[in-house]
Amino acid sequence: MKIMLSNPKKLLLVLITGLILTGCSKDSKDDILVGIWTMENGTFTAMAGTQTLVQYLMTHFGLNAPDAQAADAFFTTTIEQSFSGTIQLKSDNTYRSDLGGESDSGTWSLSDDRKKLTITSTVDGPTTMDVIELTSSRLHLRGTEIRNVDFDTDGSYETNLSVVYDLIFNKE
């Protein structure tokens, strides 16, 4: 069977275009995040209203400076420990984490401008963080968590506690 081509140049152009379009996989903007990320470093700053945690503990609970600083150090260390570990971001936009000895899972998404990462935990719901740096091996996130706190455990919340955090992860 012999096939006659009326315009071989057009056919060649169509074939080349088809090969280019199908041969090049579409790179997702999220591909850079896929992998296992290990916590390298985290810094945490706690504020009670407009005061640092140390100031708040001294003003509202009468603690002396060394005791307030020790309480702040204990609080910060506890938070740091809760972020130690790994998070695996998968290509299907799900994740599994083992941070602070606790496992979690859920979904993740990166904003179109790559400036916001949203983690939606099956336990805690969504958390959106600012992406400060994103390379193939380094992820730097910043965010703020605000919680009502009952410091004196009397059943009523004294203030909103906000923790500003900077988290740096390295890809394995």
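In the predicted model described here, Tyr 56 is buried, its relative accessible area being 5%, a value that falls under the 20% below which a residue is counted as buried. Phe 61, by contrast, is partly exposed, with a relative accessible area of 33%. These two residues take part in one kind of contact that recurs in the model, since the structure holds 3 aromatic pairs. The ring centres of Tyr 56 and Phe 61 lie 6.0 Å apart and the ring planes meet at 65°, so the pair is classed as edge-to-face, the angle being over the 60 degrees that this class requires. Elsewhere, Phe 44, Phe 83 and Tyr 165 are joined in one aromatic cluster.

Phe 83 appears again in the description of the largest pocket, where Phe 83 is found with Ser 82, Asp 124, Glu 145 and Arg 147 among the lining residues that lie nearest the centre. The volume of this pocket is about 1200 Å³, and its lining is made up of 38 residues. When the lining residues are divided by type, 25 are nonpolar, 8 are polar and 5 are charged.

With regard to the overall fold, the secondary structure of the protein consists of 3 helices and 9 strands, and the order of these elements, read from the N terminus, is α-β-β-α-α-β-β-β-β-β-β-β. Of the contacts with a separation of 6 or more, 49% are made between residues that stand 24 or more positions apart. The protein has 172 residues, and buried residues make up 28% of them. The accessible surface comes to about 11200 Å², and carbon and sulfur atoms account for 56% of that surface.

The backbone also deserves attention at two loop positions. Most residues other than glycine have a negative phi. Asn 93, although not a glycine, has a positive phi of about 65°; this residue is placed in the loop between strand S3 (85-89) and strand S4 (94-99), and its relative accessibility of 24% means that Asn 93 counts as partly exposed. Arg 114, likewise a residue other than glycine, has a positive phi near 65° and is located in the loop that lies between strand S5 (102-110) and strand S6 (116-121). The relative accessible area of Arg 114 is 34%, and Arg 114 is therefore partly exposed.

Key:
Residues are numbered from 1 along each chain as its sequence is written. This is a predicted model: local features need pLDDT of at least 70, side-chain atom pairs count only at pLDDT 80 or more; totals for chains, interfaces and linings use all residues. Side-chain values use heavy atoms; hydrogens and water are left out. Rings of Phe, Tyr and Trp (its six-membered ring) pair if their centres lie within 6.5 Å; planes under 30 degrees apart count as stacked, over 60 as edge-to-face and the rest as tilted. Buried means under 20% relative accessible area, exposed over 50%, partly exposed in between (1.4 Å probe, protein chains only). On a 1 Å grid over the protein atoms alone, a cavity is a set of points where a 1.4 Å probe fits but cannot get out, and a pocket is an open set with protein on both sides within 12 Å along at least five of seven lines; lining residues have an atom within 4 Å of a point. Grid points are joined across faces, edges and corners, and a volume is the space filled by probe spheres set on the points. Ala, Val, Leu, Ile, Met, Phe, Trp, Tyr, Cys and Pro count as nonpolar, Asp, Glu, Lys and Arg as charged, and the others, Gly among them, as polar. Helices (H or I, at least four residues) and strands (E, at least two) are DSSP runs, numbered from the N terminus. Contact means heavy atoms within 4.5 Å. Accessible areas come from the Shrake-Rupley method with a 1.4 Å probe; for residues, only the protein chains shown count as cover.
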